[in-house]
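Colleague: Please choose one salt bridge in this model and examine it closely. I should then like to see how its surroundings are built, with the cut-offs stated for each term.

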Amino acid sequence: MRGMFITFEGPDKAGKSTQIRLLCQYYEQNGIPYLLTREPGGCAVSEKIRQLLLDPSNDMGPVCEAMLYAAARSELVGQVLKPALEQGTTVICDRFVDSSIAYQGYGRELGAEKIAQLNQWATQGLTPDITFYLSIRPEVAQQRMNHIQKDRLEKADDAFRARVTQGYEALLQAQPERFTVIDANGSIEQIHQAILQHLAERIHR
């Protein structure tokens with residue numbers, strides 16, 4: 001039986017890392033086997049590509065950026081994701097193709113369709129079973145951004161971030177059956193409980 005593929009998406013500083021950690025703790029406490037990974041990264045080659053992509057000193061064009069994300073994703077799918085899912089393991093991934101469509105397709109204005117086609121090839125057609133989208137008010141995200149050392153993507157301007165949000169909104173409208181929108185403006189525990197509730201509802205369908 002194929003494992004469940006769960007992804008987390010959202011704008012920078014929406015609290016994805018915290019909620020992923022809490023979900024993993026819940027699985028551990030309940031004896032549910034799972035695999036946690038991230039994008040870009042998750043395996044040796046992809047982690048090296050991650051360093052290239054996020055290093056603020058690397059000046060690269062949008063097409064190069066999109067290709068590198070797809071390359072890292074292809075290796076992760078082949079080396080980690082598909083083998084784990086085929087073994088029946090639940091996989092939790094911090095970002096996946098939706099991020100590329102939002103950030104490169106919309107944010108970098110390369111076109112959502114082109115990015116989707118590129119990643120259809122890179123992922124061998126692998127699609128998440130459920131995607132949690134953490135929705136946060138722009139002013140809250142910006143406040144959190146002011147207190148961190150930003151990577152290359154986080155240094156992008158407000159217009160870029162607005163286009164990324166537009167991209168996510170388009171994805172949510174196009175695939176409502178896969179996405180579950182979580183209000184990330186509440187407390188950490190409230191958000192965690194909302195995720196568990198929606199996950200239970202999806203499993204029981």
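Modeller: Asp98 and Arg178 form a salt bridge, and their closest N and O atoms are 2.9 Å apart; the term requires a side-chain nitrogen of Lys or Arg within 4 Å of a carboxyl oxygen of Asp or Glu. Asp98 belongs to helix 4 and Arg178 to the loop between helix 7 and strand 5, so the contact ties together parts that are 80 residues apart in sequence. Helices (H or I, at least four residues) and strands (E, at least two) are DSSP runs, numbered from the N terminus. The model is predicted: local features need pLDDT of at least 70, side-chain atom pairs count only at pLDDT 80 or more, and totals for chains, interfaces and linings use all residues. Residues are numbered from 1 along each chain as its sequence is written, and side-chain values use heavy atoms, with hydrogens and water left out.

Both partners are buried: Asp98 has a relative accessible area of 3%, and Arg178 has 7%. Buried means under 20% relative accessible area, exposed over 50%, and partly exposed in between, with a 1.4 Å probe and protein chains only.

The count of salt bridges comes to nine. A second buried pair is Glu39 with Arg73, whose side chains meet at 2.7 Å, N to O. Glu39 lies in the loop between strand 2 and helix 2, Arg73 lies in helix 3, and the two are 34 residues apart. Both Glu39 and Arg73 are buried. Arg73 also touches Thr123, which is in contact with Val77, Phe96 and Val97 as well, once neighbours within four places in sequence are left aside; contact means heavy atoms within 4.5 Å. Thr123 sits in the loop between helix 5 (112-122) and strand 4 and is buried, at 2% relative accessible area.

That loop also holds Asp129, which pairs with Arg2 at 2.9 Å between the closest N and O atoms. Arg2 is in the segment before strand 1, and 127 residues separate it from Asp129. Here the partners are partly exposed, Asp129 at 35% and Arg2 at 41%. Elsewhere, Glu9, Asp12 and Arg95 are linked in a network of salt bridges.

Two members of that network, Asp12 and Arg95, are among the residues that Tyr103 touches, together with Gly10, Pro11, Arg108, Leu153, Phe160, Val164 and Tyr168, again leaving aside neighbours within four places in sequence. Tyr103 is also a central member of the largest nonpolar core: this core has 34 residues, and those with the most contacts inside it are Phe5, Leu81, Phe96, Tyr103, Leu126 and Tyr168. Such a core is a set of buried Ala, Val, Leu, Ile, Met, Phe, Trp, Tyr and Cys residues joined through side-chain atoms within 4.5 Å. Helix 4 (97-107), the helix of Asp98, is among the elements giving two or more residues to this core, along with helix 2 (44-54), helix 3 (62-86), strand 3 and helix 7. The greatest contribution comes from helix 3, with 10 residues. A second, separate core of 18 residues includes Ile6, Ile130, Ile136 and Ile191.

The sheet completes the picture. Its five strands form an open, parallel sheet in the order 2-3-1-4-5, where pairing needs at least two bridges found by DSSP between two strands. Strand 2 (34-38) and strand 5 (179-183) are the edges, each pairing on one side only. From one strand to the next the twist averages 20 degrees. Helix 1 (residues 16-29) packs on the sheet against strands 1, 2, 3 and 4, and its direction makes about 165 degrees with that of strand 3. Helix 7 (residues 158-174) also packs on the sheet, touching strands 1, 4 and 5, at about 130 degrees to strand 5. Axes are lines fitted to C-alpha atoms, for helices over the stretch in contact, and angles run from 0 to 180 degrees between N-to-C directions.

Within the sheet, Phe8 stands opposite Asp94 in strand 3 and opposite Phe132 in strand 4. Phe132 in turn has Thr180 of strand 5 as a bridge partner, and strands 4 and 5 are joined by five bridges. Strand 4 is mostly covered, with five of its six residues buried.
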